[in-house]
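Student: I should like to understand how the terms used for a protein structure are justified. May I ask about them one at a time?

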Amino acid sequence: MDGTKEVPKTKTVYVDIGHCTSGEKNPLGVGGSDRGFQGPGYTECDINQAVGRKLMKELDTMGFYVVPTWNPDKPPAPVPKADDLQRRIDTVNRDVAKYGDDSIYISVHHDSDKTGRGGQCVYFDATRPNDARKLAETIQKSAWQTREHDKSPLCILPDTATGKGYLDGLRKTNSIGILVEGANVLNSRDRALMPMSEFQDKEAKALAQGVWNYFKLKPGVERPYSPAIRQRFGL
C-alpha cells in the first residue's frame, strides 16, 4: 500500500462481480446460463469471482467499507439477465441512499477481445465522462499491465466503445464507476495467466492500489465529489 493509513472506512467501494448470477442463456453459448466466455477449464465467471473476492479482501484490509452487489458465498437465485443487472444496481443505489458517502463502483470482468492484445482495459459512462475519468486513469496507472489500444494509450474507453451498446451498470448506479476488463482470454499469455492464483493476487492488488491512490486525491479539486455528496450539499 502506498503511504500511511489515512483513508477511513467512510470511503465506500461497491464491487460488482460480473457474469455469475444471470439465469439467461449466455449469448456466447457457454452453458445454460450467462457465465461469460469459456476458457480452457474455466469460465469468465470463475475468474471474475476469484479476482473479485481477492479485491474485496484487499480493500477491507486497507480499511474501506466494501459492499458487494451480491454475496459470492450465498449467490442469489438465477433470474433473466436484465432483472439480475437491475437487482445489482438496486443494491448499490439503496446503500448510497442510506449512507450518502464518498463512494465508487467497480464492476469486475475479463475480456474476449478479438484483437488478441493482452492487458487491462476500463470503461466509463460516456454520458458522465467527467465523473469517472479520474478513477479510470488512477486504476489504469496501477494496472498489472494496460492493453494496447489505438485510441487510448491507457485503454480507457467510453461504454459506447464496447460494441454492445451502453452499460447499464455504469449509467444507472448513483456512484462514480468503471467496468474493468482485467485480461483477455483471446491473448495466449493472458489466457494461461488468468486461472493462476498468483496472477489473480497481482491483479487484485493492483486494482486495490488504484482505489487507494484515487481516494488519496482531494475531492472537489483533484477528483470529483461523488454524486451522493454533490446531491447532499448542493455542489
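Student: What percentage of the 235 residues of the protein count as buried?

Tutor: Please note that this is a predicted model. Of its 235 residues, 51% count as buried.

Student: What makes the protein as compact as a globular protein of that length?

Tutor: Its secondary structure consists of seven helices and eight strands. The radius of gyration is 17 Å, and the globule rule gives 18 Å for 235 residues; the two values are close, so the protein is as compact as a globular protein of that length. Along the principal axes, the C-alpha atoms fill a box of roughly 50 × 35 × 35 Å.

Student: How many aromatic pairs are found in the whole structure?

Tutor: The search finds five aromatic pairs. One of them joins Phe-64 and Trp-212 and is edge-to-face.

Student: Why is the pair of Phe-64 and Trp-212 called edge-to-face?

Tutor: The ring centres are 6.1 Å apart, and a pair requires centres within 6.5 Å. The planes stand at 80° to each other, and the term edge-to-face applies over 60 degrees. Both conditions are met, therefore the name is justified.

Student: Why is the pair of Phe-64 and Trp-212 said to tie together parts of the protein?

Tutor: Phe-64 belongs to the loop between helix 1 (44-62) and strand 4 (65-68), while Trp-212 belongs to helix 6 (residues 197-216); the parts are 148 residues apart in sequence, so the pair ties them together. Phe-64 and Trp-212 are both buried. They also form one aromatic cluster with Tyr-214 and Phe-215.

Student: What makes Trp-144 and Phe-199 an edge-to-face pair?

Tutor: Their centres lie 4.8 Å apart, with 90° between the planes. The limits are 6.5 Å for pairing and over 60 degrees for edge-to-face, and both values satisfy them, so the description holds. This pair links distant parts of the chain, since Trp-144 is in the loop between helix 3 (129-141) and strand 7 (156-158) and Phe-199 is in helix 6, 55 residues apart.

Student: How do you know whether Trp-144 is buried or exposed?

Tutor: The relative accessible area of Trp-144 is 16%. Buried means under 20%, so Trp-144 is buried. For Phe-199 the value is 5%, so Phe-199 is buried by that rule too.

Student: Why does Pro-158 count as partly exposed?

Tutor: Pro-158, found in strand 7, has a relative accessibility of 26%. Buried requires under 20% and exposed requires over 50%; the value falls in between, so Pro-158 counts as partly exposed. Leaving out residues up to four places away in sequence, Pro-158 touches Tyr-123, Phe-124 and Ala-126.

Student: What is the status of Cys-45, buried or exposed?

Tutor: Cys-45 lies in helix 1. Its relative accessibility is 1%, which is under the 20% limit, so Cys-45 counts as buried. Residues up to four places away in sequence aside, Cys-45 touches Gly-18, His-19, Cys-20 and Arg-35.

Student: How do you know whether His-109 is buried or exposed?

Tutor: His-109 is part of strand 5 (residues 102-111). The relative accessible area of His-109 is 10%, and the limit for buried is under 20%; therefore His-109 is buried. Neighbours within four places in sequence aside, the contacts of His-109 include Gly-18, His-19, Glu-44 and Asn-48.

Terms used:
Residues are numbered from 1 along each chain as its sequence is written. This is a predicted model: local features need pLDDT of at least 70, side-chain atom pairs count only at pLDDT 80 or more; totals for chains, interfaces and linings use all residues. Side-chain values use heavy atoms; hydrogens and water are left out. Rings of Phe, Tyr and Trp (its six-membered ring) pair if their centres lie within 6.5 Å; planes under 30 degrees apart count as stacked, over 60 as edge-to-face and the rest as tilted. Helices (H or I, at least four residues) and strands (E, at least two) are DSSP runs, numbered from the N terminus. Buried means under 20% relative accessible area, exposed over 50%, partly exposed in between (1.4 Å probe, protein chains only). The radius of gyration is taken over C-alpha atoms; the globule rule is 2.2 Å times the number of residues to the power 0.38. Contact means heavy atoms within 4.5 Å.
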